[in-house]
Amino acid sequence: MFNLPSPLDFFSAQTWVIINVVVIVLLMTTAITSRARQAARQPLRQNLWLALTFILTLLWLTRAHVLDLLYLHLIGASLAYLLLGAPLALLALALILLVTNITLGNSLYQFGLQYLLVGLLPIINAQILHIIASRIFPRRLFTFIFIQGFFVATLGMIITATLNLFVLQQLHIITLNLGNEVFWISPVLLGWGEGLLSGMAVALIAAYKPHWLFEDPQLTNF
């Protein structure tokens with residue numbers, strides 16, 4: 001995730017406000033969808049939403065400083081998607097990002113762009129990859145744990161981190177080149193860490209608390 005000490009040095013206040021308004025409208029639309037309201041009425045999903053939001057907030061606050069404006073941290077998007085479904089996962093990551101920025105004293109001007117890169121993008125990646133995996137691989141517990149618990153989380157994070165670096169470079173927020181080791185190593189390291197986190201959690205949940213997993217009609221349950 002990027003953090004700009006002086007966001008107005010990069011874009012005008014009007015530009016930042018427009019991005020934030022678009023993201024807020026997106027989140028409000030997500031919150032009032034039938035799928036989000038139906039999931040939010042379930043006591044189990046409410047408890048999982050609160051618990052996962054708290055745990056991932058602590059995870060987001062643990063970060064590594066790589067470049068002047070760039071920090072690396074795990075996201076937990078794949079795990080959030082498997083437990084909450086896309087709508088509640090999107091809302092959870094928004095709250096996590098907001099709390100993280102407030103806790104660290106970061107400018108909220110950048111909230112919208114940050115959310116698009118480390119909230120919306122990883123959830124979209126997770127959803128697409130989980131749907132593809134559920135339709136390709138057989139319905140087996142081991143396959144679910146290894147493929148959707150570990151591999152999907154790893155690949156999703158690698159794609160997310162790579163696209164983040166590319167977009168931030170195009171916006172001139174960071175400067176990278178193909179010879180820079182950060183461009184090649186960071187996505188892989190983050191993907192491996194995300195995969196281990198998600199894989200271990202999914203293995204325990206699928207074995208002992210399978211009813212915690214969100215029943216997405218687009219996925220084939222194991």
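This is a guided tour of one protein structure, taken selection by selection, and the model on the screen is a predicted one.

**First stop: helix α4**

Begin by selecting residues 77-84, which make up helix α4. Because eight of the eight residues of this helix are buried, α4 is largely enclosed by the rest of the structure. With the side chains switched on, you can go through the buried residues by name: Ala77, Ser78, Leu79, Ala80, Tyr81, Leu82, Leu83 and Leu84.

Keep Tyr81 selected for a moment, since this residue of helix α4 also gives a link to a distant part of the chain. Its relative accessible area is 1%, so Tyr81 counts as buried, a word used here for values under 20%. If you now add Pro210 to the selection, you have two residues that lie 129 residues apart along the chain, and their C-alpha atoms are separated by 14 Å.

Before leaving this helix, select Gly85, which comes just after α4 and takes a positive phi of about 85°.

**Second stop: Trp60 and Thr100**

Move next to Trp60, whose place is in helix α3. Is Trp60 buried or exposed? With a relative accessibility of 1%, Trp60 counts as buried. To see what surrounds the side chain, leave out the residues up to four places away in sequence and display those that Trp60 touches: His73, Leu74, Ile75, Leu93, Ile96, Leu97, Thr100 and Val118. For a sense of distance, select Leu95 as well, which stands 35 residues from Trp60 along the chain, with 12 Å between the two C-alpha atoms.

One of the residues touched by Trp60 is Thr100, and it makes a natural next selection. Thr100 is found in helix α5, which covers residues 86-104, and it is buried, having a relative accessible area of 1%. Which residues does Thr100 touch, not counting those up to four places away in sequence? They are Met1, Thr57, Trp60 and Leu61.

**Third stop: Thr62, in a loop**

From Trp60, go on to Thr62, which sits in the loop between α3 (43-61) and β1 (64-67). Here the surroundings change, for Thr62 is exposed, with a relative accessible area of 57%. Leaving out residues up to four places away in sequence, Thr62 touches Leu72 and His73, and His73 is also among the residues that Trp60 touches. If you select Ala51 together with Thr62, you will have a pair 11 residues apart in sequence, whose C-alpha atoms are 17 Å apart in space.

**Fourth stop: the largest cavity**

A search of the whole structure finds three cavities of 30 Å³ or more, and the largest of them holds about 140 Å³ of space. To find this cavity in the viewer, select Met1, Leu72, Ala161, Asn164 and Leu190, which lie nearest its centre among the 15 residues of the lining. Two of these names have come up already, as Met1 is touched by Thr100 and Leu72 is touched by Thr62. Colouring by secondary structure is useful here, since β2 (70-72) and α7 each supply at least two residues of the lining. Which element gives the largest share of that lining? It is α7, from which six residues come.

**Fifth stop: along α7 and into the loop beyond**

Stay with helix α7, residues 141-170, and select Ile158 within it. At 25% relative accessibility, Ile158 counts as partly exposed. Neighbours within four places in sequence aside, Ile158 is in contact with Pro187, Val188 and Gly191. Val188 is 30 residues from Ile158 in sequence, while the C-alpha to C-alpha distance between them is 5.8 Å.

Then select His172, in the loop between α7 and α8 (181-208). His172 has a positive phi of about 65° although it is not a glycine, and at 64% relative accessibility it counts as exposed.

**Last stop: a nonpolar patch on the surface**

Finally, turn on the surface and select Leu8, Val17, Val21, Val25 and Tyr109, which form a nonpolar patch with about 410 Å² of accessible area together. Val25 is a convenient member to centre on, and you will find it in helix α1, residues 13-31. Taken by itself, Val25 is partly exposed, with a relative accessible area of 45%.

Technical notes. Residues numbered from 1 in each chain as written. Predicted model: local features only at pLDDT ≥ 70, side-chain atom pairs only at ≥ 80, totals over all residues. Heavy atoms only, no water. Patch = residues over 30% accessible without salt bridge, like charges linked within 9 Å, V, L, I, M, F, W, Y side chains within 5 Å. Areas by Shrake-Rupley, 256 points an atom, 1.4 Å probe, with all protein chains shown as cover. Salt bridge = Lys/Arg side-chain N within 4 Å of Asp/Glu carboxyl O. Helix = DSSP H or I, 4+ residues; strand = E, 2+ residues; numbered from the N terminus. Buried < 20%, exposed > 50% of the residue type's maximum accessible area, 1.4 Å probe, protein only. Contact = heavy atoms within 4.5 Å. 1 Å grid on protein atoms, 1.4 Å probe; cavity = no way out; pocket = protein on both sides within 12 Å on 5 of 7 lines; lining within 4 Å. Points joined across faces, edges and corners; volume = space filled by probe spheres on them.
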